[in-house]
Amino acid sequence: VPMSISTADARELVSRAVGAYGPYSSLAGFNLFDEPGADRFASLATAMALVREHAPAVLPYLNLLPGTGEGYRAYVTSFVETVRPSVLSFDRYPLLAVGDDTGYFENWAIVRQAALDAGIPAWTYVQTLGFNGHRTPTTAEILWQVNVSLAYSAKGIQYFTYWTPDPARGEGFLPALITTDGHRTERWNAVRKINTQWLTPVGAQLKPLHPDSVVHAGETPLPAGAVGFAPTEVLASVSGAPFVIGTFSAGDGSATRWLLVVN
C-alpha cells in the first residue's frame, strides 16, 4: 500500500532489525526491496546507507526488474548511480510455456556491462518451476541457465523459487524445489547436485576471475543483444554445435585466460 516514513523512522527500523537478528551468525543481510521502479531509487539509496551504517558486516540487498532496450539500460544505470548497490541482481525466467524468451540474452548483456562498469558482482535468479506462461524446467534446462549466467559473468546464482509459493498468491505456481507441504521434488535433487558437484568446483575457479568477453558461436541469426564470435589471439576458431563462450582473466595483467564453453 502507499506509505512513507521519515529517515529517522527508517533508521529506527534498521537499528531494531540489527538488534533482533545481528547476534545470529545465520544473518546474511537485509532484503530491502524486490523489483523497484525508478521512482524508489532515492529512498532505497537512503535505506542502503542506513544498513551500511548500522550493519556494515552484512549485505544490503535489492533485486531489479528484467527488461531490454535503451529504456532498461537507463533504468539499470540510474539504479547503480543512485543506489550504489553492493551487487547487481536481476531476475528473468527464459523457459516459456512455448519456446524460450528471446530477450534473455539482451537482458543479461545489459546487466553484465553495468556490473562491469560499476566494478560490482552480477547476480541472477534461475527458474526452477512452472508458473503463468512458463514451463517446468528439466534438469538440463536448470543447468543451462546456470551455465549461461556464468558465461555472462554471474558471481551469484539464486533460485526462483526454493519453496513453492502459496497458491493463494496466484500466478499459477507449480511445484518448485520444495512443495508447499515441505517435500523435496526431483528438481531439489538436481539443484543439490548442480551446487555441490558443479558450482562448488567451477565457482571456485570463476569467482575470483575478471569477465573479459562473452560471445555466441554458430548461431544464425544471433539472439538479440548477443555478440557473435570472431577469431582472437586467445581463440582462433570454433566448430560444432552453437556455443556461448565466456572468456576470463586473472585481472593482474598476466597472459593466462580461462574459457567457459556452454552448449
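A salt bridge is taken here as a side-chain nitrogen of Lys or Arg within 4 Å of a carboxyl oxygen of Asp or Glu. The structure is a predicted model, in which local features need pLDDT of at least 70 and side-chain atom pairs count only at pLDDT 80 or more, while totals for chains, interfaces and linings use all residues. Residues are numbered from 1 along each chain as its sequence is written, and side-chain values use heavy atoms, with hydrogens and water left out.

**Exercise 1. Salt bridges**

Task: State how many salt bridges a search of the whole structure finds, and describe the pairs R135–D100, R11–E53 and E70–R73.

Solution.

Step 1. The search of the whole structure yields nine salt bridges.

Step 2. R135 and D100 meet through their side chains at 2.8 Å, N to O. This pair links distant parts of the chain, 35 residues apart: R135 is in the loop between β4 (122-127) and α5 (139-151), and D100 is in the loop between β3 and α4. Helices (H or I, at least four residues) and strands (E, at least two) are DSSP runs, numbered from the N terminus. A network of salt bridges links D100, R135 and E141.

Step 3. Accessibility is classed as buried under 20% relative accessible area, exposed over 50%, and partly exposed in between (1.4 Å probe, protein chains only). R135, at 23%, is partly exposed, and D100, at 45%, is partly exposed as well.

Step 4. For R11 and E53, the N to O distance is 4.0 Å. Because R11 lies in helix α1 and E53 in helix α2, the pair ties together parts that are 42 residues apart in sequence. R11 has a relative accessible area of 34% and E53 one of 48%; R11 is therefore partly exposed, and so is E53.

Step 5. The side chains of E70 and R73 form a salt bridge at 3.4 Å, N to O. These residues are separated by about one helical turn because they are three residues apart in helix α3 (residues 69-83). E70 is exposed at 56%, whereas R73 is partly exposed at 33%.

**Exercise 2. The largest pocket and a nonpolar patch**

Task: Characterise the largest pocket by its volume and its lining, then locate I5 and the patch to which I5 belongs.

Solution.

Step 1. A pocket is defined on a 1 Å grid over the protein atoms alone, as an open set of points where a 1.4 Å probe fits, with protein on both sides within 12 Å along at least five of seven lines; lining residues have an atom within 4 Å of a point. Grid points are joined across faces, edges and corners, and the volume is the space filled by probe spheres set on the points.

Step 2. The largest pocket holds about 690 Å³ of space. Its lining comprises 22 residues, of which I5, R40, S43, L44 and A47 are the closest to the centre.

Step 3. At least two lining residues come from each of α1, β1 (29-34) and α2 (41-54). The greatest contribution is that of α2, with six residues.

Step 4. By class, the lining has 14 nonpolar, six polar and two charged residues. Ala, Val, Leu, Ile, Met, Phe, Trp, Tyr, Cys and Pro count as nonpolar, Asp, Glu, Lys and Arg as charged, and the others, Gly among them, as polar.

Step 5. I5 is placed in the segment before α1 (7-21) and is partly exposed at 43% relative accessibility. Together with M3 and L13, I5 makes a nonpolar surface patch of about 330 Å². Patch members have over 30% relative accessible area and no salt bridge; like charges are joined within 9 Å, and nonpolar side chains (Val, Leu, Ile, Met, Phe, Trp, Tyr) within 5 Å. The areas come from the Shrake-Rupley method with a 1.4 Å probe, and for residues only the protein chains shown count as cover.

**Exercise 3. Backbone geometry**

Task: Identify where the peptide bonds F160–T161 and T220–P221 lie, and describe the phi values of R84 and S153.

Solution.

Step 1. Most residues other than glycine have a negative phi, and most peptide bonds are trans.

Step 2. The bond joining F160 and T161 is cis, with omega about -5°; T161 is in the loop between β5 (154-160) and α6 (186-206).

Step 3. The bond from T220 to P221 is also cis, with omega near -5°. P221 belongs to the loop between β6 (210-217) and β7 (243-249).

Step 4. R84, not a glycine, has a positive phi of about 55°. This residue is in the loop between α3 and β3 and is exposed at 54%.

Step 5. S153 has a positive phi near 100°. S153 occupies the loop between α5 and β5 and, at 5% relative accessibility, is buried.
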